[in-house]
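Here are a few short exercises to work through with the structure open beside you. Try each one before reading its solution.

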Amino acid sequence: MGTARKARAAVVRKTGAPWTIEDVEVAAPREDEVLVRMVGTGICHTDIACRTGFPVPMPIVLGHEGAGVIEEVGAKVTGLKAGDHVVLSFDSCGKCHNCEQHQPAYCFDFYPRNLAGMRSADGSATVTEAGLPLNAVFFCQSSFATYAIARAVNTIRIDKDLPLEIMGPLGCGIQTGAGAAVNALGVKAGDSLAIFGGGAVGLSAMLGARAVNAGTVIVVEPNIARGKLALELGATHVINPKEITDVLAEIKRLCGGVNYAIDTTGIPAVMGVAIEALLPRGMLGLLGVPPPDATLPGNLFSMLVRGVGARYIVEGDSDPQEFIPRMIGWYKAGKFPFDRLVKKFPFDQINEAAHASETGEVIKPVLVF
Ligand SMILES: [Zn+2]
Ligand SMILES: [Zn+2]
């Protein structure tokens, strides 16, 4: 079998510490794995959350929106070969009830496969430093490194004429937003949608809704530059809650209410507005991370009489092997300009890139190697 590779990885030593670029070794791929040379990787909010407190083992190599070129495939991998351009997504078991129902984002084995820091099969490490194991296998990739180990199930081959550097975010943030609208809520031509929060996930939801010819698409976002971009990319209306304090009244004034809503803010009061903005039989998709003690902020009687609901959505209900090619099809047809959300940074500038995302200055930072 193959050999381990010397690599450089961005390591978080302990919760809250900055990323430091360190020399590491990435293991040779096992029989069901692939070794990918990273070309570009997005930074997702989950990476930032894990650096600053979401419980993951430390020290760790994060990164889960990788794109690159396969250098080596394990003996039992079919359908992939060295030289293929690939986007990496999340891992799933393929065998549990939800995997069998084509809902791999709800795999019963999701946590150990994506967040435990080691191979779920035997607890072994894919990344070592001076012979000692580092936590990695983050979303079965740990793409903040020049090489990554992934499995065939979370490795999606793409055409070589696509801009590989910026394709990685399709594997998480962009599929989370677009999939929430199109897969989970089932937004169709003519449907109305209100999106609360115009960051990478919210604007991806807007792009997904546009790609399927939704009707009214409202983005509620206080950042003026983001609001402007939302209008440019196809939102029919933008509401700035700093200028218009009664957002609910404004949505009703614009269109009488919406079939669907998506919250990316995690702010309970905002979710309460989103629930009230729904037309009968409406559904609110929840994507934002709430405070740990928050409860659902809706009046149950008001929900009952309209027959509306709210549900959390993971990874846009996407099966990455199907949905990433679908988004790429929209992109090639000029209907899904996700590249307009991206700003590139050199890999070495990972801390600056993450900071630019946290301040709202950049929507989707992508590190290039
Ligand atoms: Zn499963
Ligand atoms: Zn993510």
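Start with a warm-up: Cys107 has a relative accessibility of 5%, and Cys107 counts as buried. Keep in mind that this is a predicted model.

**Exercise 1. Work out which protein atoms bind the zinc ion (ligand 1) and what arrangement they make.**

Step 1: find the donors. They are the SG atoms of Cys93, Cys96, Cys99 and Cys107, lying 2.3 to 2.4 Å from the zinc ion.

Step 2: look at how the donors are placed along the chain. Their spacing reads C-x2-C-x2-C-x7-C.

Step 3: check the angles. The four donor atoms subtend 104 to 117° around the zinc ion, so the arrangement is tetrahedral. The criterion needed here is that all angles lie between 85 and 135 degrees. For reference, the ideal angle for four tetrahedral donors is 109.5 degrees.

Step 4: test the accessibility of one more donor. Cys99 has a relative accessible area of 11%, so Cys99 is buried, the cut-off being under 20%.

**Exercise 2. Decide how strand β18 (residues 364-368) is enclosed, and find its strand partners.**

Step 1: count the buried residues. Five of the five residues of β18 are buried, so the strand is largely enclosed by the rest of the structure.

Step 2: sort these residues by face. In a regular strand, side chains alternate between the two faces of the sheet. In β18, Lys364, Val366 and Val368 lie on one side, with Pro365 and Leu367 on the other, and both faces are covered.

Step 3: identify the neighbours. Strand β3 (residues 33-42) pairs with β18 in the antiparallel sense over three bridges, and Gly40 has Val368 as its bridge partner. Strand β17 (residues 342-346) pairs with β18 in the parallel sense over five bridges, where Phe345 stands opposite Leu367.

Step 4: trace the connection. β17, helix α11 (residues 350-358) and β18 form a β-α-β unit that is right-handed.

**Exercise 3. Find which residues of helix α7 (residues 247-255) are buried, and what they pack against.**

Step 1: list them. The buried residues of α7 are Val247, Glu250 and Ile251. They span an arc of only 100° around the axis, so they sit on the same side of α7.

Step 2: look across from that side. The buried residues pack against several elements, including β11 (193-196), β12 (217-220) and α8 (268-276).

Step 3: follow the chain past the end of the helix. Gly256 comes after α7, and its phi is positive, near 85°.

Note on methods. Residues are numbered from 1 along each chain as its sequence is written. Chains are lettered from A and ligands numbered from 1 in the order in which they are written. This is a predicted model: local features need pLDDT of at least 70, side-chain atom pairs count only at pLDDT 80 or more; totals for chains, interfaces and linings use all residues. Side-chain values use heavy atoms; hydrogens and water are left out. Donors are N, O and S atoms within 2.8 Å of the metal (3.2 Å for Na, K and Ca); water is not among the atoms, so sites may look incomplete. Four donors count as tetrahedral if all angles lie between 85 and 135 degrees; four count as square planar and six as octahedral if opposite donors are over 155 degrees apart and all others between 65 and 115; anything else is irregular. Buried means under 20% relative accessible area, exposed over 50%, partly exposed in between (1.4 Å probe, protein chains only). Helices (H or I, at least four residues) and strands (E, at least two) are DSSP runs, numbered from the N terminus. Two strands pair if DSSP finds at least two bridges between them. A crossover is right-handed if, with the strands pointing away from the viewer, the path from the first strand over the helix to the second runs clockwise. The arc is that of the directions from the helix axis to the C-beta atoms. Contact means heavy atoms within 4.5 Å.
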